Amino acid sequence: MIDFDGEHWATALQAGLGARVWRSPSDHGGLMACFRAGPFKVAYPDFVIGSSCLNDAVLAAYCDGASRLGADLIRLQTPASVEDRRVYARHPLGSIAIASLQDWSERGWEKARRAANRQSRSKLQIRAGRPGDGAHLHRLYLSTLHRHSGVARYSREYFEAIAPHAALVAVLDDEICGFVCTGFQGSRACYMHGAHLPQARSHYPSDQLFLSMLRTARDAGLRSFDFLPSPRGQDSLAAYKRAWGGSDISLVVSDLALNPVRARGFSWALRLSNGLAGLRRRGA
């Protein structure tokens with residue numbers, strides 16, 4: 001698991017995604033990544049896990065940091081809406097999480113119990129990611145996006161940076177056939193990415209990876225595990241996360257404008273881009 005407050009994650013954001021990174025001086029604040037989106041700059045505190053503790057002092061620090069990075073707006077991912085006069089849009093996403101990971105047991109969930117029973121006779125090898133795995137992970141990521149008509153947001157360089165720190169991989173006949181990536185901040189863990197080869201499906205790589213992922217997080221002493229929001233329209237993925245013991249929780253993205261005109265311009269451009277992407281998916 002990669003530490004979202006650590007230097008490996010900062011390097012992945014900078015070298016892999018081209019972000020500028022700012023570290024909060026607050027005890028409750030983590031890294032903030034600022035991405036360029038066309039002509040706009042958007043800051044994301046605690047990317048990708050979101051902020052669990054957002055008081056006035058932390059918010060003020062984030063606003064100061066985002067201003068230093070030249071951001072037009074801040075996208076705040078929190079359990080509830082952020083109440084601030086500069087917030088001009090709110091997006092209720094919801095997520096799926098295991099609230100008490102230390103109480104989680106594979107014996108309590110049929111999906112996990114079957115995966116555990118299958119493990120001893122599985123031909124898969126589950127191992128930690130290594131330097132050199134990143135290109136394989138990126139290809140699997142792109143193939144999954146292609147099947148779901150998704151848009152690629154993460155580069156090969158990004159996966160190369162996180163693979164040795166965040167990944168668990170499934171190996172079949174000396175070939176990587178699936179992976180998951182996870183990270184943590186404090187006592188919270190979260191799922192980041194995952195994919196598998198369709199031709200390996202009969203070996204249940206996703207099940208074996210999810211089982212190892214949750215065991216690893218639990219055994220590390222982490223208290224909760226957030227599967228994070230599923231892409232719109234992928235109801236089967238959300239159901240899969242619930243089958244591992246996840247429950248629906250509140251998650252809201254609040255857009256806070258630092259430059260009101262440019263922030264609203266970003267939101268308009270994003271709506272247009274999402275609308276065109278939806279048309280392309282329906283056309284496909």
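The following legends describe close-up views of a predicted model.

**View 1. The second largest pocket and the residues closest to its centre.** This pocket has a volume of about 270 Å³. Its lining consists of 18 residues, of which P79, A97, R188, D226 and I249 lie closest to the centre.

**View 2. Strands and residue classes in the lining of the second largest pocket.** Two or more lining residues come from each of the elements β5 (73–78), β7 (95–98), β11 (188–196) and β12 (224–226). The largest contribution is that of β12, which supplies three residues. By residue class, the lining of the second largest pocket comprises nine nonpolar, seven polar and two charged residues.

**View 3. The surroundings of C34, a cysteine without a disulfide partner.** Zero disulfides are found in a search of the whole structure. For C34, the closest cysteine sulfur belongs to C63 and lies 13 Å from the sulfur of C34, which is too far for a bond. A disulfide would require the two sulfur atoms to be within 2.5 Å. C34 is classed as buried because its relative accessibility is 5%, the limit for this class being under 20%.

**View 4. The surroundings of C190, a further cysteine that is in no disulfide.** The nearest cysteine sulfur to that of C190 is found in C181, 11 Å away. With a relative accessibility of 0%, C190 therefore counts as buried.

Methods:
Residues are numbered from 1 along each chain as its sequence is written. This is a predicted model: local features need pLDDT of at least 70, side-chain atom pairs count only at pLDDT 80 or more; totals for chains, interfaces and linings use all residues. Side-chain values use heavy atoms; hydrogens and water are left out. On a 1 Å grid over the protein atoms alone, a cavity is a set of points where a 1.4 Å probe fits but cannot get out, and a pocket is an open set with protein on both sides within 12 Å along at least five of seven lines; lining residues have an atom within 4 Å of a point. Grid points are joined across faces, edges and corners, and a volume is the space filled by probe spheres set on the points. Helices (H or I, at least four residues) and strands (E, at least two) are DSSP runs, numbered from the N terminus. Ala, Val, Leu, Ile, Met, Phe, Trp, Tyr, Cys and Pro count as nonpolar, Asp, Glu, Lys and Arg as charged, and the others, Gly among them, as polar. Buried means under 20% relative accessible area, exposed over 50%, partly exposed in between (1.4 Å probe, protein chains only).
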